[in-house]
Amino acid sequence: MRESKPLSFVVVSGLSGSGKSHAIKSLEDLGFFCVDNLPPPLLPKFVELYAQTGMEFSKVALGI
């Protein structure tokens with residue numbers, strides 16, 4: 001059984017041109033698993049799939 005790490009889950013949102021993609025790229029440089037431009041209705045499904053697959057990422061960032 002693998003040891004579980006605390007999960008850091010960051011959601012970056014804002015209006016068009018507010019720098020969301022730039023923020024996501026910076027978080028990726030810091031070691032986050034990033035998904036940019038995720039449609040908000042898919043957020044619950046993403047979290048569900050993340051939990052089911054047992055992904056080993058402890059830091060996740062989503063651009064919405």
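Lys-20, in this predicted model, is in contact with Val-12, Ser-13, Gly-14, Leu-15 and Ile-64, once its neighbours within four places in sequence are left aside. Lys-20 itself belongs to helix α1, which covers residues 20–29. The residue is buried, yet it has no salt bridge, and the nearest side chain of opposite charge, that of Asp-36, is 6.9 Å away. A salt bridge would need a side-chain nitrogen of the lysine within 4 Å of a carboxyl oxygen of Asp or Glu.

Ile-64, one of the residues that Lys-20 contacts, also leads to the next stop, because Val-11 touches Leu-62 and Ile-64 when residues up to four places away in sequence are not counted. Val-11 has its place in strand β1, and with a relative accessible area of 43% it is partly exposed, since that value falls between the limits of 20% for buried and 50% for exposed. If you look from Val-11 towards Ile-24, which is 13 residues away along the chain, you will find that their C-alpha atoms are separated by 9.3 Å.

Val-11 is also part of a nonpolar patch on the surface, which it forms with Leu-7, Phe-9 and Val-47, and together these residues have about 300 Å² of accessible area. Two other members of the patch can be described in the same way: Phe-9 is partly exposed, with a relative accessible area of 32%, and Val-47, which lies in helix α2 (residues 43–53), is partly exposed at 38%.

Phe-9 has a further role to follow in the picture. The structure holds one aromatic pair, and this pair is formed by Phe-9 and Phe-46, whose rings are 6.4 Å apart from centre to centre and tilted, with 50° between their planes. Because Phe-9 lies in strand β1 (residues 8–12) and Phe-46 in helix α2, the pair ties together parts that are 37 residues apart in sequence. The two partners differ in how much of them is accessible, for Phe-9 is partly exposed at 32%, whereas Phe-46, at 16% relative accessibility, counts as buried because its value is under 20%.

Helix α2 also contains Ala-51, and here the reader meets an exposed residue, with a relative accessible area of 59%, which is over the 50% limit. The C-alpha atom of Ala-51 is separated by 16 Å from that of Phe-32, a residue 19 places away along the chain. Helix α2 therefore includes a buried residue in Phe-46, a partly exposed one in Val-47 and an exposed one in Ala-51.

Definitions and conventions:
Residues are numbered from 1 along each chain as its sequence is written. This is a predicted model: local features need pLDDT of at least 70, side-chain atom pairs count only at pLDDT 80 or more; totals for chains, interfaces and linings use all residues. Side-chain values use heavy atoms; hydrogens and water are left out. Patches are made of residues with over 30% relative accessible area and no salt bridge: like charges are joined within 9 Å, nonpolar side chains (Val, Leu, Ile, Met, Phe, Trp, Tyr) within 5 Å. Accessible areas come from the Shrake-Rupley method with a 1.4 Å probe; for residues, only the protein chains shown count as cover. Helices (H or I, at least four residues) and strands (E, at least two) are DSSP runs, numbered from the N terminus. Buried means under 20% relative accessible area, exposed over 50%, partly exposed in between (1.4 Å probe, protein chains only). Lys and Arg count as positive and Asp and Glu as negative; His and the chain ends are not counted. Contact means heavy atoms within 4.5 Å. Rings of Phe, Tyr and Trp (its six-membered ring) pair if their centres lie within 6.5 Å; planes under 30 degrees apart count as stacked, over 60 as edge-to-face and the rest as tilted.
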